[in-house]
Amino acid sequence: MDKKIKKQRFYSIMIVPHESRGRPFSFKLPASWVYTAVGLTCFGILVVGSSIVYSTLISRRLADYADTISKNRQQQAVISSYSVKTEKVARQIDELVKKDNELRQLLGLKGWELKEVRTTVATGEKVNYLLEKAEAKLAQKRQSHAELLEWVAVVRARYAATPSSWPIYGRLVSFFGYRRTPWRGMHTGVDIQAGYGAPVRATAPGVVIYTGWRLGYGKTVEINHGHGVSTLYAHNSNYAVKLGQSVRKGQIICYVGTTGWSTGPHCHYEVRRNGVPRNPVAFLNLNMLTASRLWRE
Ligand SMILES: [Zn+2]
């Protein structure tokens, strides 16, 4: 019995009043109660503390989440605005292709067909898909543009070599082709009436390949313009250039006369392509585009 009492331990809590009149008040508590109370308090502190920490974390995460959602919405808005803009760009490219073809048609060139554009992006990703398509179309457009530039360069070079002006302005008194008078047979050029001694001008830049007398032609000048094209000026009274001389377009090369088989002062003008006389009328007053058509014959 003694043993049992010894084992049971107690703690006393004493409350002492500050005034001398009051009596101190104490009560006794078993040790196990005190331990339980301390334990419960510690547990309580732990629970409350951890819940505060946890709720702080959760609220922070919720704020992050809300932020992400609003950002997402903004991005969606941006993406859909991109989509609208991309579609606009795609339409403008199509318009450009149309205009390009119109220009080609005007120039007498083959129309340019936009090749089927394949993209690696799924149609679901609309913006990406449209952008890839637009990029491919633009690449084709660039190529077409380069072709056009190349064509213009060719046309310019041809035009430069094409006898495109009049050697002298005057009435055409005899045309190219078969004739009965004054000399029966093939007339290989045109006759332009002009005053005696009037200057005759080169109709394209080139090199003088002949100056001298020719049967029927009288005093003749012939110019090679390259690309297989040459011009001939006959019945002249005098020369203004020498053999082998380079001449500009419009440069005076000789003077109107009536040498050779001629009934009066005029310029007999011939255009030859690969040595074959062509109707010079087709070459008179050419511009860059009409000249390029002649070359396609
Ligand atoms: Zn003639």
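Here are some short exercises, with worked solutions, on a predicted model of one chain.

**Exercise 1. Work out whether the chain is a compact globule or more spread out.**

Start with the parts list: the chain has 4 helices and 14 strands. Next, look at the radius of gyration, which is 52 Å. For 297 residues the globule rule gives 19 Å, and 52 Å is well over that, so the chain is more spread out than a compact globule. Then check the box that the C-alpha atoms fill along the principal axes: roughly 170 × 40 × 35 Å. Finally, look at burial: buried residues make up 19% of the 297 residues.

**Exercise 2. Find the domains, and say how far apart the centres of domain 1 and domain 3 lie.**

Go along the chain with the domain assignment in hand. Domain 1 covers 2–63, domain 2 covers 80–161, and domain 3 covers 172–295. Now take the C-alpha centres of domain 1 and domain 3: they lie 129 Å apart. For one more view of the chain, take the contacts with a separation of 6 or more. Residues 24 or more positions apart account for 58% of them.

**Exercise 3. Describe how helix α2 packs with helix α3.**

First, place the helices: α2 runs over residues 31–106 and α3 over residues 126–161. Their axes are 9 Å apart, at an angle of about 25°. Angles under 35 degrees count as roughly parallel, so α2 is roughly parallel to α3. The crossing of the two helices is left-handed.

Now for the side that α2 brings to the meeting: the residues include Ile 79, Tyr 82, Val 89, Ile 93 and Leu 96. Among those they meet in α3 are Val 127, Leu 130, Leu 131, Ala 134 and Leu 138.

Last, step into the loop between α2 and α3, where you'll find Glu 125. Glu 125 has 12 C-beta neighbours inside 10 Å, so it counts as exposed. Between Glu 125 and Ser 83 there are 9.8 Å in space, C-alpha to C-alpha, though they are 42 residues apart in sequence. Ser 83 is also one of the α2 residues listed where α2 meets α3.

**Exercise 4. Now do α3 and α4: what is the angle, and which residues meet?**

The axes of α3 and α4 are 9 Å apart, and the angle is about 85°. The range for roughly perpendicular is 65 to 115 degrees, so that is how α3 sits to α4. On the α3 side, the residues are Val 155, Arg 156, Arg 158 and Tyr 159. They meet Met 288, Ala 291, Ser 292 and Trp 295 in α4.

**Exercise 5. For His 227 and Asn 285, find phi, the loop and the exposure.**

Take His 227 to begin with. Its phi is near 55°, a positive value in a residue other than glycine. His 227 lies in the loop between β9 (218–226) and β10 (229–239). It has 15 C-beta neighbours inside 10 Å, so it counts as partly exposed.

Then turn to Asn 285. Phi of Asn 285 is near 55° too, again positive in a residue that isn't glycine. Look for Asn 285 in the loop between β14 (276–278) and α4 (288–295). With 9 C-beta neighbours inside 10 Å, Asn 285 counts as exposed.

**Exercise 6. Locate Leu 215 and decide: buried or exposed?**

Leu 215 sits in the loop between β8 (206–214) and β9. Count its C-beta neighbours inside 10 Å and you get 8, so Leu 215 is exposed. To finish, pair Leu 215 with Thr 259: they are 44 residues apart in sequence and 9.9 Å apart in space, C-alpha to C-alpha.

Technical notes: Residues are numbered from 1 along each chain as its sequence is written. This is a predicted model: local features need pLDDT of at least 70, side-chain atom pairs count only at pLDDT 80 or more; totals for chains, interfaces and linings use all residues. Domain bounds come from an automatic or database domain assignment. The radius of gyration is taken over C-alpha atoms; the globule rule is 2.2 Å times the number of residues to the power 0.38. A residue is buried if 20 or more other C-beta atoms lie within 10 Å of its own, exposed if 12 or fewer, and partly exposed in between; C-beta atoms are placed from the backbone. Two residues are in contact if their C-beta atoms, placed from the backbone, lie within 7 Å. Axes are lines fitted to C-alpha atoms, for helices over the stretch in contact, and angles run from 0 to 180 degrees between N-to-C directions. Angles under 35 degrees count as roughly parallel, over 145 as roughly antiparallel, 65 to 115 as roughly perpendicular and the rest as oblique. A crossing is left-handed if the near helix is turned anticlockwise from the far one by less than a right angle, and right-handed if clockwise.
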